[in-house]
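User: Could you walk me through how to read the features of a model like this one? I would like the general idea each time, then the case at hand.

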Amino acid sequence: MLDLTGKNALVTGIANNRSIAWGIAQQLHKAGANLGITYLPDERGRMEKKVAELTEPLTPSLFLPCNVQDDEQIKATFDRVKQKWGKLDSLIHCLAFANRDDLTGNFSDTSRQGFNTALEISAYSLVQLAQAAKPLMVDGGSIVTLTYIGGVRVVPNYNVMGIAKAALEMNVRYLASELGPQNIRVNGVSAGPIRTLASSAVGGILDMIHHVEAVAPLRRTVTQLEVGNTAAFLCSDLASGVTGQIIYVDAGYGIMGM
Ligand SMILES: NC(=O)c1ccc[n+]([C@@H]2O[C@H](COP(=O)([O-])OP(=O)(O)OC[C@H]3O[C@@H](n4cnc5c(N)ncnc54)[C@H](O)[C@@H]3O)[C@@H](O)[C@H]2O)c1
């Protein structure tokens, strides 16, 4: 049985009730995990309020601001985790960003700044968070990130985010190799396209979803909760032998040649 009782799980990337991280947080909670939630702070505190209200029913024991571009916030987040929990069992990395202009049109038009920003927030952040989590995963642990098929094949308009996902997937393998001897497992979930705040920035996202609905073996795309189930499995002892993998939760779309 999938049981996360007694496990401390830190979940990043909840922006609203469409976020994949929200689907993951619900399934971790359902399996009995003790949750910590981080959010991307903004000047007016709107995100804090929105995410606090949304996640309240999951009774998180930590609720912290964490912009991955801010080293101080990352340090403060993991200092609080150490202080409050003593140890960390699971880390969910469920965030990404690229300039909207870079998610449409010609890939060759990507600017240096746009490239760096996408790679820093969407790929380097996993390294940063793993670095901070490593000393707290004293009983071993599980790190799960979210990726997309646009990191291994060309998907129209995904552009620089595809490069970031390719880097992210390779981060998974290098981190899994390094952290395995400490029994820390690192895996990626490659989700099918879902309508969220982040995906709405990708040009033609609805066309992508309709294409998947037409050709995926299950003739549909997936839900946030289905992705959440796989993430919860990866955080559990049921997945004790799984590391360095990219698991597709995409209604089978990825196997199709046409
Ligand atoms: N929606 C899809 O179709 C889809 C498919 C496969 C993978 N993914 C991946 O799932 C993850 C979650 O995206 P989503 O679709 O749920 O969208 P979302 O907009 O709900 O989530 C993206 C999150 O990234 C956070 N974020 C952005 N910049 C940040 C920063 N500097 N520091 C901290 N957090 C930051 C946002 O606050 C937001 O919570 C992303 O990695 C995305 O690439 C999404």
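Analyst: We will go through the sheet, its central elements, the ligand shell and one loop residue. This is a predicted model, where local features need pLDDT of at least 70, side-chain atom pairs count only at pLDDT 80 or more, and totals for chains, interfaces and linings use all residues. Residues are numbered from 1 along each chain as its sequence is written.

User: Happy to start with the sheet. In what order do the strands of the open sheet stand?

Analyst: Strands (E, at least two residues) and helices (H or I, at least four) are DSSP runs, numbered from the N terminus. Two strands pair if DSSP finds at least two bridges between them. Here the open sheet has 7 strands in the order E3-E2-E1-E4-E5-E6-E7, and the pairing is parallel. Strand E3 (62-65) and strand E7 (246-249) are at the edges with a single partner strand each, so one side of each has no neighbour in the sheet. From one strand to the next, the twist averages 20°. Axes are lines fitted to C-alpha atoms, for helices over the stretch in contact, and angles run from 0 to 180 degrees between N-to-C directions.

User: Which strands pair with E5?

Analyst: Strand E4 (residues 90-93) runs parallel to E5 and is joined to it by 4 bridges. Leu91 has Ile143 as its bridge partner in E5, and His93 stands opposite Thr145. Strand E6 (residues 184-191) also pairs with E5 in the parallel sense, over 7 bridges; there, Val144 has Asn187 as its bridge partner.

User: Is E5 enclosed or open to the outside?

Analyst: Count C-beta atoms, placed from the backbone: a residue is buried with 20 or more others within 10 Å of its own, exposed with 12 or fewer, and partly exposed in between. In strand E5 (residues 141-147), 7 of the 7 residues are buried, so the strand is largely enclosed by the rest of the structure. Both faces are covered, with Gly141, Ile143, Thr145 and Thr147 buried on one side and Ser142, Val144 and Leu146 buried on the other.

User: What handedness do the units containing H4 and H5 have?

Analyst: Point the strands away from you: a crossover is right-handed if the path from the first strand over the helix to the second runs clockwise. E4, helix H4 (residues 112-133) and E5 make a right-handed β-α-β unit, and E5, helix H5 (residues 159-179) and E6 make a right-handed one as well.

User: Now the ligand. Which residues come nearest to it?

Analyst: A residue is near a molecule if its C-beta atom, placed from the backbone, lies within 6 Å of it. There are 27 residues around the ligand, and Ala15, Ser19, Leu95, Thr196 and Ala198 come nearest. Helix H1 (20-30) and E5 each supply at least two residues of this shell.

User: And finally, where is Asp109, and is it buried or exposed?

Analyst: Asp109 is in the loop between E4 and H4. It has 12 C-beta neighbours inside 10 Å, so it counts as exposed. From C-alpha to C-alpha, Asp109 and Met137 are 41 Å apart in space, while 28 residues apart in sequence.
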